[in-house]
Amino acid sequence: MNRRKFLLTALGGTAALALGVSLYQPQLDLEVDGDKPHRILFSLLLPVLLDGALPEMSVPRDAAVNRTLDAIEATISVLPASQRDELEQLLNLLENRLGLLLLTGNMTPLLLRSPAELANQLESWRESGLALFNQAYLGLRELVMASFYSCPEHWSLLNYAKPELPGIKS
């Protein structure tokens, strides 16, 4: 075998391996409700985007996360179609390895990243010179914040109390 044939074979094998890795999608044994897409993705992003706002104890924290995930689904359902399509496209890219490579420069699934890595990635989007990354960060952040604070049980964090209407007893 001469040197040229060896190098071409190695290059072809590397390209085939890279393509196979990018197309491979492992089957995770996570039960995902078909009616609730992107719930896992948002459950990873919530603790990062709501750092300091979520309760410290696990039971209230899980309840707040689940309530916020339900509110996110409700918020997405009332978005205008064009915004919903853009958000859906971003979320699909974040759940796809090739999309992750394009958006984050790393093929590691978000599920395998630490909260610090996720926070650094979101911060890099926030400070990016590209408007696309700024829009992606702001879209995710505003969706999560609006959904979290739309729940009356979280209003106390803002020192906000529901207004009392005269003549109506609660």
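## Exercises on an all-helix chain

Trp125 has a relative accessibility of 3%, so Trp125 counts as buried (buried means under 20% relative accessible area, exposed over 50%, partly exposed in between, with a 1.4 Å probe and protein chains only). Keep that residue in mind; it comes back below.

A word on the ground rules: this is a predicted model, where local features need pLDDT of at least 70, side-chain atom pairs count only at pLDDT 80 or more, and totals for chains, interfaces and linings use all residues. Residues are numbered from 1 along each chain as its sequence is written, and side-chain values use heavy atoms, with hydrogens and water left out.

**Exercise 1. Work out how the aromatic pairs of the structure are arranged.**

Step one: count them. The structure holds 2 aromatic pairs (rings of Phe, Tyr and Trp, the last by its six-membered ring, pair if their centres lie within 6.5 Å; planes under 30 degrees apart count as stacked, over 60 as edge-to-face and the rest as tilted).

Step two: take Trp125 and Phe133. Their ring centres are 6.0 Å apart and their planes sit at 15°, so this pair is stacked. Phe133 is buried too, because its relative accessibility is 17%.

Step three: go on to Phe148 and Tyr149. Here the centres are 4.8 Å apart with the planes at 85°, so the pair is edge-to-face. Phe148 is buried at 0% relative accessible area, while Tyr149 is partly exposed at 24%.

**Exercise 2. Find which helices supply the largest nonpolar core.**

Start with the inventory: the chain has 7 helices and 0 strands (DSSP runs, numbered from the N terminus: H or I with at least four residues for helices, E with at least two for strands).

Now the core itself. Of its 33 residues, Phe42, Leu50, Leu94, Leu122, Trp125 and Leu140 touch the most other members (a nonpolar core is a set of buried Ala, Val, Leu, Ile, Met, Phe, Trp, Tyr and Cys residues joined through side-chain atoms within 4.5 Å). At least two core residues come from each of α2 (39–49), α3 (58–77), α4 (81–94), α5, α6 (115–126) and α7 (131–149). The top contributor is α7, with 8 residues.

Last, zoom in on Leu122. Not counting residues up to four places away in sequence, Leu122 touches Leu45, Val48, Leu49, Tyr137 and Leu140 (contact means heavy atoms within 4.5 Å).

**Exercise 3. Describe the surroundings of Leu100 and Gln121.**

Leu100 first: this residue belongs to helix α5 (residues 97–104) and is buried at 2% relative accessible area. Leaving aside neighbours within four places in sequence, its contacts include Leu93, Leu94, Met107, Pro109 and Arg113. For a backbone yardstick, the C-alpha atoms of Leu100 and Leu90, 10 residues apart along the chain, are separated by 10.0 Å.

Then Gln121, in helix α6. Gln121 also counts as buried, at 17% relative accessibility. With neighbours within four places set aside, Gln121 is in contact with Leu103, Thr104 and Arg113. So Arg113 turns up in the contacts of Leu100 and of Gln121, given that contact means heavy atoms within 4.5 Å.

**Exercise 4. Say how much of the chain is buried, and how its contacts are spread.**

Burial: 27% of the 170 residues count as buried.

Contacts: among those with a separation of 6 or more, 58% are between residues 24 or more positions apart.
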